[in-house]
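Please open the structure in a viewer and keep the sequence panel visible. The tour below proposes one selection after another and states what is found at each stop.

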Amino acid sequence: AALVGERYEALCRALESQLGNGRDLGLVEVPVQPVGAEHEPGPDGELDDGIFVAPGGADSATCGWVYTDPCLTVSRGVLNALSAARRNVYIQTGNYNEIIVLQNAVHIWGGFDTSWQRADHNAVGHQVVITGGVDGQSGEFLTLKAQNLVVPTTVGDLTVVGPTATGTLGSNGKSSYAVYASGINGLSLAR
């Protein structure tokens, strides 16, 4: 059952006090939708609470802090969100070939075009597709890896594709997972 309103906010405050060390962990707000022709150029959403990722970006320890200097990979965006205490990763339209390890209370949002305007994730110019590979730790073929998530974490407005699995395990073919989850209590997949 979904938690809404005051019950959700009370749960988030309790988790923040126990796990957050002063960091806002749980009040998930879907980034703002475009407001029309009067909208200023630049990204929709909470600028100071997000890390930006785009196919033309470059990975570094400080990439993504502003939309004009995005990270290249979603994985780097997630790491930078953790280090900068930001709770959203905004992904520009494109194809991303990587395994993303989800982190507690770092929300990942697609649906942004090349001007950082947001629309339905199926709209032309707003599609974000993430395709994984083989995980070096487990040997599994996967795209999103969610382990031990205990704080609300959302992945929304993107297409997650399980990679093509090759090889065998014993006499059986290997499996492919779009989302590989274990020990989680707080993952939401939106739209």
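The stops run from the whole chain to its sheets, and then to single residues.

**The whole chain**

Begin with the entire chain selected, and bear in mind that this is a predicted model. Colour the chain by secondary structure: 2 helices and 14 strands appear. Buried residues account for 40% of the 191 residues. Now display the molecular surface. The chain exposes about 9500 Å², and 52% of this area is supplied by carbon and sulfur atoms. Contacts across the sequence also deserve attention: among those between residues at least 6 apart, 60% join residues that are at least 24 apart.

**The sheet of five strands**

Next, select β1, β2, β5, β9 and β14. These strands form an open sheet in the order β1-β2-β5-β9-β14, and their pairing is parallel. Which strands stand at the edges of this sheet? They are β1 (50–53) and β14 (187–190); each has a single partner strand, so one side of each is left without a neighbour in the sheet. On average, and with direction ignored, neighbouring strands here are turned by 20° against each other.

Zoom in on the pair formed by β1 and β2 (residues 88–92). The two strands run parallel and are joined by 4 bridges. To view one position in this pair, select G50 and then N88 in β2, which stands opposite G50.

Keep the sheet on display and add helix α2, residues 74–83. This helix lies across β1, β2 and β5, and runs at about 160° to β1.

**The sheet of three strands**

Hide the previous selection and show β3, β6 and β10. They make an open sheet in the order β3-β6-β10, again with parallel pairing. The edges are held by β3 (94–97) and β10; each has a single partner strand, so one side of each lacks a neighbour in the sheet. Neighbouring strands of this sheet are turned against each other by 20° on average, direction ignored.

Within it, β6 and β10 pair in the parallel sense over 3 bridges. Select V129 to find its bridge partner in β10, T159.

**The disulfide**

Select C63 and C71 and show their side chains as sticks. A disulfide is a covalent bond between the sulfur atoms of two cysteines. The count for this chain is 1 disulfide; it joins C63 to C71, with an S to S distance of 2.1 Å. Are these two cysteines buried or exposed? Both C63 and C71 are buried. Rotate the view to look along the S-S bond: the torsion about it is about 95°, so the disulfide is right-handed.

**Two loop residues**

Move to H121, in the loop between β5 (107–112) and β6 (128–131). Why does H121 count as buried? Its relative accessibility is 12%, and a residue is called buried when this value is under 20%. Leaving aside neighbours within four places in sequence, H121 is in contact with G111, H126, Q127, D157, L158 and R191.

Finally, select A165, in the loop between β10 (159–161) and β11 (168–169). With a relative accessible area of 27%, A165 is partly exposed. Beyond its neighbours within four places in sequence, A165 is in contact with F141, K174, S175 and S176. A distance label between the C-alpha atoms of A165 and G133 should read 8.2 Å, although these residues are 32 apart along the chain.

Key
Residues numbered from 1 in each chain as written. Predicted model: local features only at pLDDT ≥ 70, side-chain atom pairs only at ≥ 80, totals over all residues. Heavy atoms only, no water. Buried < 20%, exposed > 50% of the residue type's maximum accessible area, 1.4 Å probe, protein only. Contact = heavy atoms within 4.5 Å. Areas by Shrake-Rupley, 256 points an atom, 1.4 Å probe, with all protein chains shown as cover. Disulfide = S-S within 2.5 Å. Pairing = 2+ DSSP bridges. Axes fitted to C-alpha atoms, helices over the stretch in contact; angles between N-to-C directions.
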